[in-house]
Amino acid sequence: VLVTDDEISDNKDSDHTAGVTNRKATPELLKELASLPQKEVRSRCTYWQQCSAFMETLSIPAAFFNTELDQCYCQQCHTIRGDGPCFRQGLPPALYAVPVGWCRFGIVIDKRFQDVHHASEKWHVAYHGTRVGSVRKILDTGFLVRAGDVAFDGVKVNELPGHFNKDLKPQGFDTEQVFVTPSIRYAGQEVYAPSENYIEAGRRVGKVRVAFQVCLRPGSYKVGKETVLRAVARQQRIDPDIPNAQLEWFTKELGAHTLQGVLVKLEQ
């Protein structure tokens with residue numbers, strides 16, 4: 001939630017590498033790859049391999065993850081699956097953008113959410129951009145927290161510099177809520193998921209962004225406009241499939257969301 005004049009990132013869905021194959025993506029080749037199990041397609045994908053290598057540098061225990069929910073959304077893997085740019089999920093269905101250009105590392109969903117509420121099928125899908133250093137903290141806490149809450153590490157969570165806060169905000173706006181979005185382009189903006197250097201073996205590999213994919217209970221949240229004010233001033237459409245007026249979902253309700261995956265995007 002911004003009040004600064006930062007530029008809106010194009011956040012294009014470009015790949016860091018060639019993806020599954022360096023061969024020309026002919027209809028015959030795509031058909032051949034589409035016939036393979038997704039796990040085998042990922043094993044051939046250089047982009048997936050690079051994102052996986054980055055995740056290993058975070059040294060997060062494997063117990064947090066469910067590899068059955070892993071998915072590569074690089075342009076080639078996305079094309080091979082034949083998916084569109086958006087899906088609808090939940091009861092009632094809500095539109096969300098497919099995170100093209102990212103890789104998802106599935107998270108173990110709490111059995112209460114899955115067995116009782118069937119969150120991965122009946123709840124809505126949304127995203128929350130964050131910093132690399134916050135990934136483990138969020139996983140340890142088990143859910144996204146509101147400004148003013150104390151997280152798992154005992155640190156009180158405050159609004160980031162340049163964001164709305166209790167002293168600088170529109171009249172009636174409540175900053176002490178969980179904020180997510182159905183748009184990965186919005187969640188991946190520099191102000192939410194800043195591009196950070198990815199260093200491996202003392203060598204800069206490139207830039208990386210991270211975000212969380214979450215399931216959000218229908219009826220638990222309100223929908224609002226984007227708050228990157230420069231976009232409004234320029235009448236810029238941030239996401240081609242989701243109107244600016246519907247880019248922020250926010251809730252104060254505890255237990256209204258569950259983490260579903262860590263998203264990683266590599267950039268040159």
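Some vocabulary to start: Ala, Val, Leu, Ile, Met, Phe, Trp, Tyr, Cys and Pro count as nonpolar, Asp, Glu, Lys and Arg as charged, and the others, Gly among them, as polar. This is a predicted model, where local features need pLDDT of at least 70, side-chain atom pairs count only at pLDDT 80 or more, and totals for chains, interfaces and linings use all residues. Numbering runs from 1 along each chain as its sequence is written, and side-chain values use heavy atoms, with hydrogens and water left out.

First, the second largest pocket. By class, its lining has 13 nonpolar, 6 polar and 6 charged residues. A pocket here is an open set of points on a 1 Å grid over the protein atoms alone, where a 1.4 Å probe fits, with protein on both sides within 12 Å along at least five of seven lines; lining residues have an atom within 4 Å of a point. Which residues are closest to its centre? They are F113, T141, G142, F143 and H257. Strand 11 gives the most to this lining, 3 residues. Strands are DSSP E runs of at least two residues, helices H or I runs of at least four, both numbered from the N terminus.

Next, G84. It sits in the loop between helix 4 (75-81) and strand 2 (86-89). Its contacts, meaning heavy atoms within 4.5 Å, include H78 and V98, not counting residues up to four places away in sequence. V100 is 16 residues from G84 in sequence, and 9.8 Å away in space, C-alpha to C-alpha.

Last, F212. Leaving aside neighbours within four places in sequence, F212 contacts several residues, among them I107, Y127, L139 and V262.
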